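Please find below a short note on the metal sites, set out as numbered points for your consideration.

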Amino acid sequence: MPHPPSSEPRLPSKFGSAERDIVALGIATAAIIMFVGTGGSVMPDIVRRLGGMSSGPDPMLTNALLLNIALIIFGWRRYRELTVEVAERRRAEQQARLLAETDPLTGCLNRRSTSAATEALIAECHARGESIAFLILDLDNFKQINDLNGHLAGDTVLQTVAARVRGEMPERALLARLGGDEFACVVPFARGRSDRIDQLAASIIERVNAPIEWEAATLDVTVSIGLTRSEPGDTACEADAEALLHMADIAMYNSKKRGRNRYHWFESAMENELRFRSELESGIRHGVARGEFIPYYEQQIDLRTGLLVGFEMLARWQSPQLGLIGPDIFIPVAEEIGVIAELSESVIAQALVDARAWDASLTLSVNISPLQLRDPWFAQKMLRLLVEAGFPPQRFEIEITESCLHENIGVVRSLITSLKNQGIKISLDDFGTGYSSLAQLRTLPFDRIKIDRSFVSSLPANHDSATIVQAITALGEGLGLPITAEGIENPEILEELRKLGSFKGQGYLYGYPEDAAHTRRKLAELQLLAKVDDPAMSAPAATVAGTLAATRKQA
Ligand code: C2E
Ligand code: MG
Ligand code: MG
């Protein structure tokens, strides 16, 4: 009986077919018994009839024999159908299991089936006295490959990497794709021979690194690996699959942090580091809301006259748990967790209020993160802060680092222009460290260049630094840009600098950055606090208020 065409795997109805099978089997058995009985008397009659010795078999018996034959054929066909059905059912079941347990793209085990398979392998290996290594592999630049070359290229990379890693796997090892560009390997090894796993990780890295051809392009992939192991009998290491995955994941994260394209074994210190990092993140989040970030001020001096001309605001975190923390620790984390703008605006707002009390001759410089420049409302926000504090924009300076120039240069240019249109000054911070091109320098309307402190503080000792400072000075003169030298740590540096040109300067020679209260006390001693009826304070603020109202209307 032909089967109707169907796109779905045909799983025969269990009951119907079982009943039919029993009936068919009964009929076929009865038919065979009857065939033997009737055939025994009919067949000799037929033979005799052929020899002309009889008139032939009884027609009734002949009909019964023919019926028997038909029934036997029916039974045989039913048996054939049954065999086909069983084979199909087995294939469908296998396919369903395969879909449930493996990743269709790479053929590796999928995340769901990894735990059970790992635990079974751990139990088997430990029973034999063997150890188990758990490896997590994460591709380093997969997102970029996907974004630049499309998802088909990404799929090819995943398939190629899976095949390459599979090629390195010893017998009985498991290979799973945990999701995205993350793979796991579970590898049995002889106790005490973890060097074999080091070799395995190194050769996986080497094989994955080989270029992958994709259409006309060559794709370069690297992989970071985290390793951990489970030893038989050692209760500390006899971890379950989830715990092994967790440890290998931390080790993999560590490999990424240490430069990618490498492997690391899990160590408990890594877990502490990760915990510290997550405490830092939540501390920063709460600290922003609780106003724990405060401005410190570093003096800026006119090196020619030796007079104080302003301050650079440097943010500090007064953490209740960790004490006073510098920006090198919290700025990158705040950028990563997306609170940098809020943090920055809160310290700038405080600084503007503090600076209101300073003499009208003093300027305030603030640093901003490249991420803030991506905000189309950034100029508006700065303007609003100025208005709210009643601080004149002409005394306000924004420092942007060279890394900002690697962002979308058109956006940066229009932002700088709109800030400058409000009277705010813009300086290029840490110049010399970020490879910004001369062409870019010329097209962006900076007001000042700040030479990075690494060149300045090494001036007396390093001849190359003197050459660089000289070159930057010539560049500044050529472009008509005044220069600030950072990192003046001692009188020798100051002496060297004076020989090279005329600068504004800052550094520990003039004192460490100090909080608002100390700064105010120092200014009081120097008689550089604002006069109460200083007209310079109100007029520009009114101008800013007018501009802000106008821009709001435009928006
Ligand atoms: P920067 O803008 O180049 O700031 C100068 C840094 O040099 C400050 O470090 C300052 O304390 C240090 N410094 C000053 N004089 C000397 C010296 O004579 N010798 C040496 N070796 N160092 C000196 P700090 O306060 O740790 O700030 C580090 C960086 O953090 C700053 O570099 C700035 O890029 C960034 N930063 C500070 N505050 C903020 C902020 O509010 N927002 C953003 N986005 N970045 C900030
Ligand atoms: Mg700066
Ligand atoms: Mg700097």
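The points that follow take the two magnesium ions in turn, and they concern a predicted model.

1. The magnesium ion (ligand 2) is coordinated by four protein atoms: an OE atom of Glu312, OD1 of Asn367, an OE atom of Glu399 and an OD atom of Asp429. Their distances run from 2.0 to 2.2 Å. Along the chain, these donors follow the spacing E-x54-N-x31-E-x29-D.

2. Two of these donors link distant parts of the chain: Glu399 belongs to strand β13 (residues 396–401) and Asp429 to strand β14, 30 residues apart. Both Glu399 and Asp429 are buried.

3. The magnesium ion (ligand 3) has protein donors from Asp429 (OD), Asp430 (OD) and Glu486, the last of these appearing with OE twice. These donors lie 1.9 to 2.7 Å from the ion. The sequence spacing of the donor residues is D-D-x55-E.

4. Asp430 lies in strand β14 (residues 425–431), whereas Glu486 sits in the loop between β16 (483–485) and α16 (491–500), so this pair ties together parts that are 56 residues apart in sequence. Glu486 has a relative accessibility of 7%. Because buried means under 20% relative accessible area, Glu486 counts as buried.

5. Which residue coordinates both magnesium ions? Asp429 does so, and the two ions, ligand 3 and ligand 2, are 3.8 Å apart. Asp429 should therefore be read as part of both donor sets, since donors are N, O and S atoms within 2.8 Å of the metal. Water is not among the atoms, so either site may look incomplete.

Key: Residues numbered from 1 in each chain as written. Chains lettered and ligands numbered in written order. Predicted model: local features only at pLDDT ≥ 70, side-chain atom pairs only at ≥ 80, totals over all residues. Heavy atoms only, no water. Donors = N, O, S within 2.8 Å, 3.2 Å for Na, K, Ca; no water. Helix = DSSP H or I, 4+ residues; strand = E, 2+ residues; numbered from the N terminus. Buried < 20%, exposed > 50% of the residue type's maximum accessible area, 1.4 Å probe, protein only.
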